[in-house]
Every structure is written in C-alpha cells, then in structure tokens.
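Please work through the following exercises with the sequence and the model at hand. Each one sets a task and then gives a solution in steps.

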Amino acid sequence: MNARPKRDDAGFSLVELLISMTLFSVVLTIVGSVIVSALTAERTVREVTGSTTNGQLVVNVIEETVRNSTAISVTTAADGLSTFAAVRTTAGGAARCHAWFYDSTAQAIFEHTSVSAITRPTPGAVDTEWTILSNGVVPTTNAGGATLPVFAIRGTRGMTVSFAIDGESRPISLFITSVTGRAPIANASPQCF
Amino acid sequence: MLLTKLLRRAAKGSNDRGNAMIAVIGLLAVTSMITLTVTGATVQALGYTSLSRAGVQSNAAAESGVDAMLAALFADACPATGQLTATQGSVNPALAGTAATAPFYVATVSQRISTSAAWTPGCAVGATTQIRIQSTGFASDEGVADSASGRDASAVQAVYTWRPGANSAAVTGAAVFSYGTPGLANSLELLSFNGNSANVIVRTGNIVCSNSVYVQGDIIAANGNISLDNTCSAGGKVWASGTVSLQGNKTIGGDVIAAGTGLTRIDPSTDIGGGVFARGEIDSWGQRCSTGATGWDAAGDACSVARTTGADPVFYNRADVAAPAEPAWVDVNFVPADWVSRGWTVSTYTGPCTIDNRTRNNAQVLAFSTYTTPTAIDMRGCSSVIFSSSANLNITMRTDLTFIMPRNVNLENFTVVSPTSVDRGLRFITPDTVADGVPTTTGCGRFDINNRNDLEAPIAVIVYTPCAVFNSNQLTWRGQYYAGSVSFANNSQLTYVPIGIPGFDLGNGAGGPGGAGAVGGTPTPGTPGDLISYVDVPA
C-alpha cells in the first residue's frame, strides 16, 4: 500500500531553499555585524573607562601624598625611562616615607611606604613589598616627540606626573599633572632620601 | 521577520513560529548584556571622575579658607567668633538659589600659649605663641554617584607661629639720645647697621668729643655747641644750634652746620665730605686766600677752609642757616595694665637686689632665662639693682624681656645670649613718672654699665632712664640709649639697632601728652609668623 504523501510533509523545493538560505545569510550578516560592532564598542568603552579610572586612581594617590609632603626627591634608573620618586609625607598622620616607581620593563607604577628610607628598585625586578598601582603605564611624549619622564621634579617641592594608560591596542588615556608640597621643608625623622 | 513570513507562507503551517521568537530573544539578550556592560562601566567611570573633580574643588576651597583667615589675621581683623565662612555664591556670582547659599568653606582659628598647651578656639591673645587654622572646603559640583560623595568635602589644617604685637614698638630714635650734656671719649665707636644711621642727638647742652671717637651717623646738638677734638670723627653731618669747633685730624663725612652767630673754628687738617654752612664767621689757620684785606679776613678764612678741607660749598654769615629741631623728651611711665594689653606678662621681682656669686642661683634670678613669652620684670621693689661682676650673670633670652628698674642701677660683667636666631629685644627702663616733657631726675642715682657687658646678635637692647647713664670698660652692645645724659668711656662699641619701647615713638616724641601715666600710640597687632605644618585632615 502506497501511502499518499500528505500535503504537510511536503518539503521545500530547491529554489525555496536557496531563496530562504540567501535571505537567512543576509539577515545573519546584518545581525552578526550588529553584535560584533556592539562587542567592539563595549570593549572600547571598557578600556577607556578602566584606564581612566586607573589613571585617576594613580594621580589621586600621588597628589594626596605629595600635597602633604615635606621633602621630595626624583631619580631616574639606568635605563633612562624608569623613574623613582620618594617623599617624606605626613598624609594620614605620622611622618613616613612614601615612594613610587615607574618600571618601564613591567610598564607599571608601583608604590611603597615605610618608616625609613626607601631605595630605588631595579627595573624588571621590583620586590614583592611594592604594591602595584596600575598596569599598562607608558611614558608620553611632548610636542617635539621627546619622551617625558613619568616622574619629574618641579621646583624644589613639587613633582610633575606624566603618563598614558595603555589599552589593548594603543595608549588611550593621557594624564599630566603637577603637585607641590605645602608644609615647610623637612627631611628628618625619618630621613627619606 | 520577512524570512519568517516567507517560510510561514511556504509551509502554510504554524509549527515553526518558535524559531523566529528564539532568534529575536537571543539577539535581544546579547545586545542587552552588552548595553548593560557598557552602561555599568560608563556610570562607574563617571562616578570616579566626578569623585576626582569633587576632591579637587573641595581641596581648593579648603585652602582658600586658610588663605582668607590668614589675610584676616594679618589685617588685624580676626573674626570675633574665630570662624570665617564663605558661600558658593560669593565665589561664583552666576549661581542663584540654593546653589548660591551652599557653603564654600568654613575656616576656624585656634591658639595656644606653648607647644605643650591645648588648643583654645578663638583669636590670638597676648600670650599666644602658635595659631592653628582648620578649614573645611566644599565642592561646587558634588560626586554623581553614591560612592563618589566621599570627597565632596575636604579639610586642611595649618599651624603658624604667632608674632605678638608687643614686639613691634616704633623702631625710631637716635642711637644715643642724651637730654643733657653727654660724654663722648676714649675709643668709642657708634656704628650704623642695616640702613639705620647711628646718630647722636643732644637736646640741651654742648657736645664735647675727644680721643678716638667715631660716630658713623650724625652728631647733633639741638641746643648747644659742638667741639670735636683729637680724631673725633663723624660719618654724617655735624650740626649745632650754636657754633662748631673742629680741632685735630678728623673726618666729617657730611656737612658742618653751625646755626649760631659765634665763630666757627675749623682745623685745616680736617677732611670734610660735605659743605660748611655757618651763620657766623669762620676761623681757620691754614693759608688764607688773598683777598687784599689787611685785618680780620672772614672771606679769606672761608676760602682757606674750602682749599684745605675739601668742603664744598663754604658759606659764612648766612642768616638762613637753620638750627636742628629740639626733640621733645618722651616721658615713659610704667603702667602694668598697658603692657598686659600688649601681650606682655608682668612679673614683680622679689629676689635679691644685689645679684652676685652668692645669690645668682636664686629662683627668681634663674627665672630670667626661663621666660618664653614677653615678660616685663618689675624690679622697683629694690631701691637699687646691682648685677655684680662676681655673679658673672649669663641670661638666656627665649623671648623679649623688659626690666623695670629703680633709679640706681649697676650692671657689671653680664652676658646675654639667645638660643635661636630670632630677634630679641632687651629693655632696661627706669620710668619717668611725671608727665612734664623733661627728664624727672628726683631721686636719681646712676645707671652704670661696667666691665665687659656682651650683648650680640640677634639681641638688641634699649636703655631708657631720665637719670644719667655711664658706660665704661669694654662695652659691646647692640641697641640704643635714651637718657637724661649718656657718657661713654674706655673701649665702648655700640651698634645701632633701634627697638624702641612698645607704645612710644622715641624718635618723634610720641607717647601721649607727655606720656607719663599712659602708654601712648596705637598698639601694634600681632601677626602670623612662620608656617609650622600644613596637612590634610579628615573632613
């Protein structure tokens, strides 16, 4: 007995399938583009906001400490890019030494605080007692293309901070600021450099 | 949707409708997640950025509060409540309504009398040594997220030393003001310092100077003659209401002015840097210029002076030569309340009147070196005060000191030192209790200063007495004298550093009508001094 095929079981013809697949591909392409571009935008926004927040965090920490400092010193490591800033500060209470180190090898800014003088670490081999403030830090350049040091002394009591936070593809947030200590100069008990 | 419709039409059935719905839901889910992620990151970043902005604004506001309070203190306008406030509208006129009335800063001042004392809210008082300004500033643009409100307010604290106004007496007057006839002799040097010219001014009486005296400033006899003998020189002018007599080798840096009608005598060996102005005629014994006169030749003598001394011009018989002004005597009485009102502590001395090797360790004597706030020590309970050479008294000045003395004083062999480089004023005052514009000498003995008295920078001294002052034997002082009469002998050196007396202007005769019984002049307010610390504090 041959069963007569029901109408509902009839398949698509080849033409129908080709047309439907073409249309489906077009729709998929459009939807895919939308999703890809949305994901790209999301990544960009995430990088920008993350680097902006990271940079501000670094600057806020440095500004508060230097603003309450009584002495400051900035030195540069042998590689010419890694810079070390040490201050004697009373921020938050008793006088103490506070230091930041920009490691050009690790592309990171570290900080360390102590009740005694802090020595400059070696680029690429920063001790574990240092806390990382931010990764992805790269030096910036001035209008003439010269590389600016991340930390530079400004006058006798101030410091200029210049850096960019690197995204996955390029530096995306630039930070340049300067801050000066307000208290009378003193570098004793403890002597920080 | 088009695809769905086509498929539905082709199938003419409803079994495949769920596929389209799933596709739509899937797309919506993906885009929603992305949207949520982007929105969350953006809001978080904006929140932190607004936090940073609020922190910068509130910090600036707090620091401006400190500056405003400092300006008020320098202007002697400390607010009665000890608090200064400002609103956002006062710094940004464009604001209106609630935004304009929001606080910008609140600055308060406190003071203390020593580094170990507690802070007392309010403006500085007489004994204040330090002030503290605490200021809270508020951001005009507050953080936009809950987590960003932590820096809407910031506070700073600045501590300054306090310079009491009592230290700011009118720094005028001569290096040596002698109301009566002075004695200037025997290796005396009066030196100018820091732009202040060391002048000798005598109100009434002749000035007779001899034996290696050098006055770097002017020598002025307001009502008398001047006679300079034997290398007695002046760096400035010599000015007498009467006549001037210059004998022996000497140098006069400025003019020689004789306002009297008598004969002015000028040794041809004198070196005169200025001119000669005489109301009378001039006598000189150098080679006269030839004028053809056969008798007394005033013109020839004047010409001789110009030729031999270098004076230019040389005038004689000039009616327009003016006499120096006759300065009034300033009566300085001692009224304790007036000194207290100027920030001084008054201490009545009841220790030994003769301080020698037996009494120098008396507690009240040792206290001289322990005072840390300006102190006036009233020693008038003694009929005479003697710092004996046997005591070899050494006083450490940690603040300004004023000794109120009786009418007999003998200071021998004492040394005053300062532990810091801060300027210190040491005053010896024998009060003039009668407001009559002249020295009241009733009961006067002598004010003797003898035998190696050393007083070096940064300390300066003033001796005020209506009685006579006698200096002798290796005196090395910085300061000034204002006395009924002043005499120097034997290797005295005084570097003129004017410190005056609080409430009086010795150089201009100020101090109320006659001065006695009341401190005249306007009290000089205290001001903030050096910055000690400046830190952030919790808001």
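The exercises below concern a predicted model and proceed from whole chains to the interface and then to single residues.

**Exercise 1. Chain architecture**

Task: Determine how many helices and strands chain A has, and how many chain B has.

Solution. Step 1: In chain A, one helix and nine strands are assigned. Step 2: Reading along the sequence gives the order α-β-β-β-β-β-β-β-β-β for chain A. Step 3: For chain B the assignment yields seven helices and 38 strands.

**Exercise 2. Burial, contacts and surface**

Task: State what percentage of the residues is buried in chain A and in chain B, and describe the contacts and surface of each chain.

Solution. Step 1: Chain A comprises 193 residues, of which 40% are buried. In chain B, with 539 residues, the buried share is 50%.

Step 2: Consider the contacts between residues at least 6 apart in sequence. In chain A, 52% of these join residues at least 24 apart. In chain B, 56% of the contacts with a separation of 6 or more are made by residues 24 or more positions apart.

Step 3: The exposed surface of chain A is about 10400 Å², and carbon and sulfur atoms supply 59% of that area. For chain B the accessible surface is about 22800 Å², with 53% belonging to carbon and sulfur atoms.

**Exercise 3. The interface between the chains**

Task: Characterise the interface of chain A and chain B by its contacts, its buried area and its polar pairs.

Solution. Step 1: On the side of chain A, 25 residues are in contact with 28 residues of chain B. Step 2: The two chains bury about 2400 Å² between them, and 64% of this area lies on carbon and sulfur atoms.

Step 3: Eight residue pairs are in polar contact across the interface, counting pairs with both residues at pLDDT 80 or more. By class, the side of chain A that touches chain B consists of eleven nonpolar, eight polar and six charged residues.

Step 4: Three salt bridges are counted between chain A and chain B. A salt bridge is formed by the side chains of R182(A) and E63(B), with an N to O distance of 2.5 Å. This pair qualifies because the cut-off for a salt bridge is 4 Å.

**Exercise 4. The surroundings of T65(A)**

Task: Decide whether T65(A) is buried or exposed, and identify what its side chain reaches.

Solution. Step 1: T65(A) belongs to helix α1 of chain A, residues 14–67. Step 2: Its relative accessible area is 5%, so T65(A) is buried; the limit for this class is under 20%.

Step 3: The side chain of T65(A) comes to 2.8 Å from the backbone oxygen of V61(A). Step 4: Leaving aside residues up to four places away in sequence, T65(A) touches V87(A), T89(A), A91(A), H98(A) and W100(A).

**Exercise 5. Cis peptide bonds**

Task: For the cis peptide bond between S189(A) and P190(A) and the one between D312(B) and P313(B), locate the proline.

Solution. Step 1: Omega is about 0 degrees at the bond joining S189(A) and P190(A). P190(A) lies in the segment after β9 (171–180) of chain A. Step 2: Omega is likewise about 0 degrees at the bond joining D312(B) and P313(B). P313(B) is placed in the loop between α5 (298–309) and β23 (314–315) of chain B.

**Exercise 6. Backbone and loop residues in chain B**

Task: Describe the positive phi values of D76(B) and N392(B), and then the setting of G205(B).

Solution. Step 1: D76(B) is not a glycine, yet has a positive phi of about 55 degrees. This residue is located in the loop between α2 (17–74) and β1 (83–87). D76(B) counts as exposed because its relative accessibility is 52%, the limit being over 50%.

Step 2: N392(B), also a residue other than glycine, has a positive phi near 45 degrees. N392(B) sits in the loop between β27 (385–387) and β28 (394–396). With a relative accessible area of 47%, N392(B) is partly exposed.

Step 3: G205(B) lies in the loop between β9 (200–202) and β10 (207–210) and, at 14% relative accessibility, counts as buried. The C-alpha atoms of G205(B) and G224(B) are separated by 4.9 Å, while the two residues are 19 apart along the chain. Beyond residues up to four places away in sequence, the contacts of G205(B) are T181(B), A221(B), N223(B), G224(B) and N225(B).

Notes. Residues are numbered from 1 along each chain as its sequence is written. Chains are lettered from A and ligands numbered from 1 in the order in which they are written. This is a predicted model: local features need pLDDT of at least 70, side-chain atom pairs count only at pLDDT 80 or more; totals for chains, interfaces and linings use all residues. Side-chain values use heavy atoms; hydrogens and water are left out. Helices (H or I, at least four residues) and strands (E, at least two) are DSSP runs, numbered from the N terminus. Buried means under 20% relative accessible area, exposed over 50%, partly exposed in between (1.4 Å probe, protein chains only). Contact means heavy atoms within 4.5 Å. Accessible areas come from the Shrake-Rupley method with a 1.4 Å probe; for residues, only the protein chains shown count as cover. Buried area is the accessible area (1.4 Å probe) that two parts lose on being put together, summed over both. A polar contact is a pair of N or O atoms within 3.5 Å; within protein, one must be able to donate a hydrogen and the other to accept it, and residues adjacent in sequence count only if both atoms are side-chain atoms. Ala, Val, Leu, Ile, Met, Phe, Trp, Tyr, Cys and Pro count as nonpolar, Asp, Glu, Lys and Arg as charged, and the others, Gly among them, as polar.
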